Structure formats: C-alpha cells, structure tokens
Amino acid sequence: MSNYDYDVLFIGSGHACNHGAIALKMAGKNVAMIEEDKNGGTCTNYGCDAKILLDGPFEYQEGFARYNDLGMATPEINWKNLMAYKKKLIGAFDPILGQAFAKYGIEVIKGHGQLKDAHSVDVDGHVYTAENIVIGTGARDSSLPIPGAQYMHHSKDFLDLDEMPESLLFVGAGVISMEFASMALALGKKVTIIDFAPRALSQYPEDYVNMMVKKMEDMGATFAFNQSVSKVEKEADGYVVYTQDQSFKADYIVEGTGRVANVENLGLEALGIEASKRGIVVNDHMQTAVSNIYASGDVVDKKIPKLTPTAEFESNYIAYSILGLNHNPIVYPVIPNLVFTLPRIAQVGVSVDEAKAHPELYKVARIPFGKTNEWVNNRETEADYTFILDKEGYLVGAAVYSAEAAMVLDFLTLVINKKMTARDLSSMIFAFPTQTYQVVFALKPILKRA
C-alpha cells in the first residue's frame with residue numbers, strides 16, 4: 001500500500017492532463033489534478049474551442065459568397081450577438097468539466113502547484129504527495145520587450161471582444177494573426193499585418209500561403225514583411241506602431257508573435273529538471289530528469305507541432321506507461337495541422353518543401369481539385385490539393401487549400417498512417433456524391449496499386 005496521497009498527481013487540467021487522468025482513474029488509480037485557472041485549460045476556455053465557435057458563421061458566409069453571381073445574397077454577421085453566444089456557451093465549460101471530473105472521481109485541487117521534491121507538490125501552502133507527477137501547464141502568448149508593449153492585446157483578449165474595432169493591426173503573421181485577421185476582414189474592418197519574416201505562415205506551403213495573402217489583400221489587408229516592431233505609442237484616436245522604417249496606425253493591436261511554455265515557479269530548478277521558454281526537456285518516454293515526473297503537451301520542449309491532439313496523445317501515452325501497458329518509447333503518427341483561415345490551409349506528413357528538396361525520394365502530385373469538382377465542391381473553384389508519395393507509391397504527405405481541408409486532411413491522415421493502397425481504397429464503398437468520394441477518385445490512380 002502506497003503512503004502517498006495519490007498514485008498520480010497532474011499539474012494542470014487541460015488536454016495534456018485530463019485524458020491521461022481519466023484513463024488512469026478508469027484503471028483504478030487514485031488521481032488528482034491541480035488547476036489554478038479554469039477547468040480544461042487554455043484550449044477549452046480561451047483558445048481553440050472559442051475560435052472555432054466564432055468561426056462557424058464566417059464559413060457559411062464564405063460559402064454563400066460563391067453563389068452571389070446566381071442571385072444569392074451573402075448574410076451579414078452580427079459580431080456582438082455571436083460573441084454573446086460564445087461567452088454563454090464556452091463559459092459553461094468550466095463548471096461542466098468540473099462536474100465531469102467529479103463524476104469520474106478525479107479530485108481537482110484549486111491553486112498553483114509547485115514541486116517540493118520528487119513526490120511532493122505544494123499548492124498554496126498545502127503539500128500533496130504522489131507516486132508519479134505529470135506536468136501539463138501549457139503555454140501562453142509571448143510578449144515583445146518593447147516600449148508600449150502594454151498597449152498590445154493577445155489571443156485571449158481578441159476572443160473576448162464585444163465589439164470589433166474598425167481597424168486592427170496584427171504583430172506577427174503566424175497562425176493566430178492570420179486566423180483572426182480573416183474574420184476581421186470578413187466583417188469589413190481595416191487590417192494590417194506586420195512580420196519580421198519575409199512571408200506569412202513560414203511552416204506552411206508557400207504557394208498556398210501566397211494564395212491566402214493575395215485573397216486577404218484583395219479584401220483590403222495590408223502586409224508589411226521584413227519589419228521589426230520597435231515601439232507602440234498611444235494617441236488620442238488610437239495607437240501607432242513603429243518599425244525600423246515605417247509607422248502604422250490602428251484602433252486595436254493584437255500581438256501574435258508566438259507562444260512561451262509555462263515553466264516558471266514550478267520548482268523545476270531545485271530538482272534539476274531542465275527547462276527554457278521552449279519548454280521542459282523530456283526523454284523519449286516523456287520523463288523529465290526525475291524519472292517519476294513526466295511532462296505533456298505544450299509545456300514540453302519538442303519539435304513536433306504543439307497542438308491539442310498531440311497533447312492528448314502524450315497524455316494517454318503517459319497514462320499507459322504508468323499502468324505498465326506500454327514500455328516502448330513514444331512514437332508519433334503523422335500529425336495533421338490546419339490554419340483556420342478562410343479558406344483553410346492544411347498539411348500532414350512530409351511537407352511540400354521537403355518533398356521538392358528531395359525528388360529522389362518523393363513524387364509531388366498537385367491537383368486543382370476545385371476546378372475539376374465544382375459540381376460537388378460547393379463552387380469552391382480555388383480549392384487545391386497536393387499529394388506527396390514515396391518511391392513505392394504510398395501516400396506520405398499532403399497539403400490542402402480548401403474550406404473543407406479539415407475533413408479532407410483527417411481522411412488523408414488515415415490513408416498515410418495505415419499505408420493504404422489503391423486496392424485498399426477500391427475494397428471499400430464510399431458515399432456518393434461527396435467530396436471524400438472525389439478525393440478517393442483522385443488518389444487511386446497515383447497510389448501504390450496493391
């Protein structure tokens with residue numbers, strides 16, 4: 001019988017923690033989570049869930065716009081009402097999750113957790129012990145150390161705006177800025193995007209990113225690349241953002257310069273656990289320098305995308321490891337990731353850039369899917385797919401530019417992970433007429449036959 005308070009104690013209650021906590025509890029372990037903010041963490045309360053809820057009407061608006069020439073009017077979006085709906089629905093998640101955790105029998109300890117030793121965590125003066133500890137404290141928006149930084153807002157602020165400002169400036173042309181800017185442009189607002197890099201979304205296919213930038217420019221957006229923000233000043237009628245050789249005015253500034261791991265005040269240094277703003281260093285079993293202390297999710301220093309699904313994957317892996325059901329190092333499947341702009345940009349597996357750089361290893365097949373499938377593709381003629389195959393003919397990567405990219409990418413991820421052949425696809429029956437059916441139709445001629 002253990003002398004610890006818990007078998008496993010999680011620091012955090014987001015996706016990096018609660019999936020593993022539930023798996024462990026269902027296996028009979030005594031589990032608790034420490035949470036200093038809302039149940040469910042950032043994604044649930046301040047990030048992905050709120051963004052996709054607000055995004056919904058914009059998707060429909062984009063779809064209607066494709067039929068304007070047929071006399072169908074594009075509906076207007078009432079941001080104020082939409083935001084009120086978002087606050088009501090997303091605001092309920094915290095208590096709902098609290099009830100769900102209680103129903104599972106998982107205790108949630110409110111407060112800030114700090115490691116005291118390998119088996120002890122101090123929560124605001126009360127010490128709890130556990131055989132194993134999992135750190136899943138996530139990440140936060142980074143802040144530029146410049147004069148006037150206090151005038152800039154972050155993603156959490158934007159996703160809580162009751163009124164959309166008339167002019168917005170985004171510092172950084174990454175995922176957050178591009179997604180938010182897409183919505184602001186659809187509402188007819190003036191948008192400026194500044195980045196020190198030579199282009200937007202540097203981790204995504206350049207051709208598709210250029211298509212998105214061109215569309216946003218056509219809608220009135222201004223992009224300023226190779227520009228470093230040096231200071232922000234407040235004026236009577238708004239704010240001025242200065243770079244090395246330009247200045248820009250706006251009513252509202254959103255800083256989207258990246259994310260920083262929440263590693264401060266966790267007691268890591270005293271235990272010899274290595275960490276930086278990139279995250280906590282772990283081995284291939286998700287263990288820190290202290291073997292019974294694990295880390296999961298965005299707080300981990302890793303090269304793979306820091307996404308909700310990867311946090312969930314790691315959380316479950318740690319749970320199975322603690323249960324003794326998996327002694328192997330963690331091995332990630334291909335990871336689909338999307339930019340929820342309008343339309344979406346998505347990729348999975350081997351990237352387009354990598355494939356083009358190694359023609360001896362890969363074949364790249366680009367298909368103007370929208371132009372050849374307008375009849376089933378809701379008139380989204382600009383939709384474009386890129387398939388990447390290895391020399392054997394297996395699909396190993398893909399990139400998609402389309403409003404339906406999420407659905408398409410999930411299907412392609414399955415094809416990649418299961419190493420499906422043309423014969424495999426031919427052995428199944430898909431609904432018709434659907435976009436998925438047409439994706440299968442496009443894939444079969446280029447995939448390995450059997």
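Author: A crossing of two helices is left-handed if the near helix is turned anticlockwise from the far one by less than a right angle, and right-handed if clockwise. Keep that handy, and remember that this model is predicted.

Reader: Okay, so which kind of crossing does α12 make with α14?

Author: A right-handed one: that's how α12 passes α14. Helix α12 covers residues 405-417 and helix α14 covers residues 435-443, and their axes lie 10 Å apart at an angle of about 45°.

Reader: Why is α12 called oblique to α14?

Author: Angles under 35 degrees count as roughly parallel, and 65 to 115 as roughly perpendicular. The angle here is about 45°, which falls in neither range, so α12 is oblique to α14.

Reader: And what makes α7 roughly parallel to α8?

Author: Helix α7 (residues 175-186) packs on helix α8 (residues 206-218) at about 30°, with the axes 10 Å apart. That angle is under 35 degrees, so the pair counts as roughly parallel. As for handedness, α7 passes α8 in a left-handed crossing.

Reader: How do you know whether Leu169 is buried or exposed?

Author: Buried means under 20% relative accessible area. Leu169, in strand β8 (residues 167-171), has 0%, so Leu169 is buried. Its C-alpha atom is 8.5 Å from that of Glu255, 86 residues away along the chain.

Reader: Then why does Tyr60 count as exposed?

Author: The cut-off for exposed is over 50%, and Tyr60 reaches 61%, so it makes the grade. Tyr60 sits in helix α3 (residues 48-65). Together with Phe64, Leu70 and Met72, Tyr60 forms a nonpolar surface patch with about 440 Å² of accessible area.

Note on methods
Residues numbered from 1 in each chain as written. Predicted model: local features only at pLDDT ≥ 70, side-chain atom pairs only at ≥ 80, totals over all residues. Heavy atoms only, no water. Patch = residues over 30% accessible without salt bridge, like charges linked within 9 Å, V, L, I, M, F, W, Y side chains within 5 Å. Areas by Shrake-Rupley, 256 points an atom, 1.4 Å probe, with all protein chains shown as cover. Salt bridge = Lys/Arg side-chain N within 4 Å of Asp/Glu carboxyl O. Helix = DSSP H or I, 4+ residues; strand = E, 2+ residues; numbered from the N terminus. Buried < 20%, exposed > 50% of the residue type's maximum accessible area, 1.4 Å probe, protein only. Axes fitted to C-alpha atoms, helices over the stretch in contact; angles between N-to-C directions. Parallel < 35°, antiparallel > 145°, perpendicular 65-115°, else oblique.
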